[in-house]
Amino acid sequence: MGTDADATRGLRRHTPIALTLAFMLLVVALLVGAGIYVRGIVRSSFRDAEAIRAARLEVGKLLNEQLDEETGVRGYASAREPILLAPYYAGRSELPASVARLRTDLQRLNVPGALPPLADAVDANRRWLREVAFPLILQHVPHARLQLRGKAFVDRFRADGIAIDAALARRGAFVDGRAQGAIFSVGALALGSILAVVIAALIFTVQQYRLGERLERERVKSEAERRRSAEARAAYVAEKRIADTLQQAFSERIFPDLPAMSFSATYLPATEESKVGGDWYDALQLPKDRVLLVIGDVTGHGIDAVVAMNKARQILIGAALLDANPSAVLERANLELVRGKSSPITAVCAVVDTRASEFQYAGAGHPPPILLEPGQNARLLDFGSLALGVAAESAYVTRSVRAVPGTMIVLYTDGVIEHSRDLAGGEAALLEAVESAANVPRGQAAKAIRDRIFTRRKIADDIAIMTVRLWESPATVSPRRIA
């Protein structure tokens, strides 16, 4: 009887522990599975977002090609100079390939609502060629009625382009919503799991207390401490895994391919896990051999900062598609971030024009760019205005710098100079590192700058460095994925 009673008491003592541990394992498994799920959703959303951005650029190119056709024919009809038909022939030769690429992108992105406007745009262009362009080119006297008819076809073509872009924008909003929803769901699951574990721990404590044995009560207390530590660690590991996954997905970039420019970039997270933040950079090719550069940093750390980073990236890119003037991009993005009650975000927006050999930039509370000209010392450029998301009335100024061949421009986040309390010393170390990287091979400048500064220093905060160098001689630069 005594043996049976001892066995029963032992079973009663250990059953709550076994059940609680099983529940903890289930919670951890759910959190790990949720992290993997979010990773897949975020990667898929990132790929779709990049593809949508490329498709929207293709729509703009399509409209420009139609405009080239119209401009060439209209100029020839007025002056009858054959050289004026050059834009017409260029647009006519390039437009079919652009239509084919755009149709492929729309089918791959599953945007069926944009295919009918695309087909209508092709029909409008075909009829414009047959009924307007050819007669105007062949006739020796411009015909006003033909030109009016041509305007109707061109307006129809542009309306179709706007409809395609709107469909792509809706698809982009859906992709962003899906990613945000997945992140919110996982956060709710993590919170619910933690609450469930806390409730289970309370029930376990009450059951052990009723056994009336001090030794058992002490053991319960020890187990409760261990469980609380384990659940806190599990929640943190899950958050860190999601933050790292998002940072990895958002930091994968492909540089534009321009013979007159070379790029390099590097990103490193903080050595302290709790300081994983929202640093990012982007490089977007624009028409006429121009490149848009954006680098920024979200205030705060963890998942919220990474999510805010992704939102700010999309807003800035969307603003640049409307007007690539750096100050205009920052002003539109600032208004939208203020309305959305975003955390403060520092950023530099710049446009590099290889044809004009010009570097235009505007800053929003971010460390200033660095300019290194051949035979000169590296120097900090002028500072910008308030950070984004702070005040709706903030104004930003576009500054311009002439860039001779061999000039290197360096953009970076504040972690590069704030590795100690001596900000001036941090800036001096950065300028020295930039000068030491003047002659490194193409694509290695950012890494050389990073290694020069942090070989013997601890990385206290996330760091991002992006460089662009202008060249006089054309050179083939293959797109490459950056670290």
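These entries record what I looked up in the predicted model shown above.

**Entry 1. Ground rules**

I worked with a predicted model, in which local features need pLDDT of at least 70, side-chain atom pairs count only at pLDDT 80 or more, and totals for chains, interfaces and linings use all residues. Residues are numbered from 1 along each chain as its sequence is written, and side-chain values use heavy atoms, with hydrogens and water left out.

**Entry 2. The chain as a whole**

I noted nine helices and 10 strands in the protein chain; these are DSSP runs numbered from the N terminus, helices being H or I of at least four residues and strands E of at least two. Of its 483 residues, 46% count as buried. Buried means under 20% relative accessible area, exposed over 50%, and partly exposed in between, with a 1.4 Å probe and protein chains only. I then looked up contacts, meaning heavy atoms within 4.5 Å. Among those between residues at least 6 apart in sequence, 74% join residues at least 24 apart.

**Entry 3. Helices α2 and α3**

I examined helix α2 (residues 86–108) against helix α3 (residues 115–138): they pack at an angle of about 170°, with axes 11 Å apart. Axes here are lines fitted to C-alpha atoms over the stretch in contact, and angles run from 0 to 180 degrees between N-to-C directions. The angle makes α2 roughly antiparallel to α3, a term for angles over 145 degrees. On the α2 side the contact includes Y88, L95 and R103, and on the α3 side it includes L118, W128 and F134. I recorded the residues of this contact as 13 nonpolar, two polar and two charged. Ala, Val, Leu, Ile, Met, Phe, Trp, Tyr, Cys and Pro count as nonpolar, Asp, Glu, Lys and Arg as charged, and the others, Gly among them, as polar.

**Entry 4. Salt bridges**

I took a salt bridge as a side-chain nitrogen of Lys or Arg within 4 Å of a carboxyl oxygen of Asp or Glu. The count by this rule is 22.

R156 and D123 form one such bridge, at 2.7 Å from N to O. It links R156 of helix α4 (residues 144–210) to D123 of helix α3, 33 residues apart. Both side chains belong to partly exposed residues, R156 at 24% relative accessibility and D123 at 27%.

K151 and D155 also meet in a salt bridge, at 2.8 Å from N to O. Both lie in helix α4, four residues apart, about one turn of the helix. K151 is partly exposed at 46%, as is D155 at 33%.

D382 pairs with R399, their closest N and O atoms being 3.6 Å apart. D382 lies in the loop between β7 (379–380) and β8 (399–402) and R399 in strand β8, so the pair ties together parts 17 residues apart in sequence.

**Entry 5. Nonpolar cores**

I defined a nonpolar core as a set of buried Ala, Val, Leu, Ile, Met, Phe, Trp, Tyr and Cys residues joined through side-chain atoms within 4.5 Å. The largest has 29 residues, and W280, L292, V298, L316, L330, I345 and L388 touch the most other members. Elements giving two or more residues to this core include β2 (278–286), β3 (290–298) and α7 (326–339). Helix α6 gives the most, with 10 residues.

I followed W280 further: leaving aside neighbours within four places in sequence, its contacts include V294, M309, R313 and L316. Another core, of 26 residues, lies apart from the largest and has Y267, A350, M466 and V468 among its members.

Definitions and conventions
Parallel < 35°, antiparallel > 145°, perpendicular 65-115°, else oblique.
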